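Okay, thanks for coming, everyone. Let me put the structure up and then walk you through the parts I looked at.

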Amino acid sequence: MTDGTIEIEISVSWDDVTHVQAPPQQIAPGRNAPRRDQAYLIVLAGSMMGEMYKVGHERTIIGRGQRADIRILDEGISREHCELVVEGDKVFLRDMGSTNGTYCKGIRVSNHELTDGDKILVGSNTVLKFTYHDKLDETFQRQMYESALRDDLTKAFNKKYFMDRVESEFAYALRHHIPLTLVAFDLDHFKSVNDTYGHLAGDHVLSGVSEIILASIRVEDVFARVGGEEFSVICRGTDGNQGRIVAERLRSGVANKQFVYDGKVIPVTISVGMASVPNTGMKDAIEFIAAADQVLYEAKRSGRNRVCVWKK
């Protein structure tokens with residue numbers, strides 16, 4: 001079996017995003033003025049690329065701090081970087097004294113009225129598009145996002161997205177001394193499942209395991225398929241003790257689930273490795289991933305269906 005992921009290469013420059021033509025606004029029947037639907041911000045470039053946020057409040061703060069309504073952890077973004085302020089039928093972009101400034105259409109702004117299609121640059125490489133969508137537009141945009149960044153079978157993020165996120169999350173955790181945990185696991189004896197029960201049964205198991213994982217983690221955690229039967233979960237703000245609880249919950253959730261395909265019960269367990277930062281001496285995301293993988297294979301060598309924790 002292949003891992004089923006879809007990897008895309010996107011190179012975005014400021015010239016590219018400032019010259020994308022915005023779609024025309026819809027015209028309400030019988031009226032001359034444009035009908036403005038729900039306002040959104042779509043991330044065109046940066047670690048959160050493809051994400052879509054509703055602008056639904058009078059004031060929406062963008063930044064990397066806890067008070068931000070839209071949290072983006074890319075380089076150069078202040079804790080409270082900028083805000084979107086709704087005044088009647090207008091939306092204004094206002095800088096909040098950010099260190100590196102807020103740019104709209106290539107110009108540094110302090111207070112700027114946004115129009116449909118405006119491109120906003122915050123930090124070093126995060127580009128946001130301000131736009132209006134109706135419900136159909138929103139559904140289409142989300143489907144495009146899902147198909148580009150998620151695995152069809154398991155609904156987990158693909159390896160490309162995982163690598164981008166783990167690098168940005170690791171850098172942020174080290175810079176601000178915030179805990180971060182990486183849980184890596186794979187299915188025990190998965191080849192024998194395919195050989196004994198068939199590949200359709202294997203797909204059934206992969207899908208079922210993913211459902212358990214998605215139901216066991218938080219919305220802000222990143223669940224990714226990084227290989228055929230290999231998965232990882234990035235847990236932001238989670239220290240080693242909390243991470244061990246998460247890892248054990250995932251292991252037991254799979255072990256206690258009865259998988260049945262074509263009337264046959266298929267035994268399924270996972271082996272789990274876990275690593276946490278900061279204060280572990282790891283210098284980059286590659287070492288972080290390697291540490292989790294190392295103890296994952298230790299779990300497999302020592303009997304499978306268990307959790308092993310990386311220690312310095």
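Before I start on strands, one definition: two strands pair if DSSP finds at least two bridges between them. With that in hand, take β13, residues 222-225, and β14, residues 230-236: they are joined by 4 bridges and run antiparallel. And do keep in mind that what you see is a predicted model.

So, staying with that pair for a moment. The link from β13 to β14 is a hairpin of 4 residues. If you want a register mark, A224 sits opposite S232 in β14. Now, is β13 covered on one face or both? On both: V222 and A224 point to one side, F223 and R225 to the other, and all of them are buried. As for the general background, side chains in a regular strand alternate between the two faces of the sheet.

Let me zoom out. The protein has 312 residues, and 48% of them count as buried. There are 7 helices and 18 strands. Looking at contacts between residues at least 6 apart in sequence, 59% join residues at least 24 apart. The exposed area is about 15500 Å², with carbon and sulfur atoms supplying 50% of it.

Back to our hairpin, and the sheet around it. Which strands are in it, and in what order? It's an open sheet of 5 strands, β13-β14-β12-β17-β18, with mixed pairing. β13 and β18, the latter being 307-309, are the edges; each has a single partner strand, so one side of each has no neighbour in the sheet. On average, neighbouring strands here are turned by 20° against each other, if you ignore direction.

Two helices pack on this sheet. One is α3, residues 159-176, touching β12, β13, β14 and β17, and its direction makes about 30° with that of β14. The other is α6, residues 240-255, which touches β12, β14, β17 and β18; its direction makes about 165° with that of β17.

Now for β17, residues 270-277. How many of its residues are buried? 8 of 8. Again both faces are covered: I270, V272, M274 and S276 are on one side, with S271, G273, A275 and V277 on the other. Towards β12, which is residues 180-187, β17 makes 8 bridges, antiparallel. You can check the register in two places: A184 is opposite G273, and V183 is opposite M274. Towards β18 the pairing is parallel, over 3 bridges, and there V272 has V307 as its bridge partner.

Okay, α6 itself. Its 16 residues should span 22 Å at 1.5 Å a residue, and the end C-alpha atoms are indeed 22 Å apart, so the two agree. The buried ones are G243, V246, A247, L250, R251 and V254. Down the helix axis, these buried residues of α6 fall within an arc of 130°, so they line one face. Over on the other side, N241 and I245 are exposed. And what do the buried residues of α6 pack against? β12, α5, β14, β15 (259-261), β17 and β18.

Since α5 just came up: that's residues 199-216, 18 of them, reaching 26 Å from the first C-alpha to the last, close to the 26 Å expected at 1.5 Å a residue. Its buried residues are A201, G202, V205, L206, G208, V209, S210, I212, I213 and S216.

There's another sheet I want to show you. This one is also open, with 5 strands in the order β4-β3-β5-β6-β9 and mixed pairing. The edge strands are β4 (70-71) and β9 (111-113), and each pairs on one side only. β3, residues 59-63, runs parallel to β4, joined by 2 bridges. In one of those positions, G63 has R71 in β4 as its bridge partner.

Last stop, a single residue: T126, in strand β11, which covers 126-133. Why does T126 count as buried? Because its relative accessibility is 0%, and the cut-off for buried is under 20%. Apart from its neighbours within four places in sequence, T126 is in contact with V43, A45, G46, I72, D74, I77, I120 and L121.

That's what I had. Happy to rotate the view if anyone wants another look.

Methods:
Residues numbered from 1 in each chain as written. Predicted model: local features only at pLDDT ≥ 70, side-chain atom pairs only at ≥ 80, totals over all residues. Heavy atoms only, no water. Buried < 20%, exposed > 50% of the residue type's maximum accessible area, 1.4 Å probe, protein only. Contact = heavy atoms within 4.5 Å. Expected span 1.5 Å × (residues − 1). Areas by Shrake-Rupley, 256 points an atom, 1.4 Å probe, with all protein chains shown as cover. Axes fitted to C-alpha atoms, helices over the stretch in contact; angles between N-to-C directions. Arc of directions from axis to C-beta.
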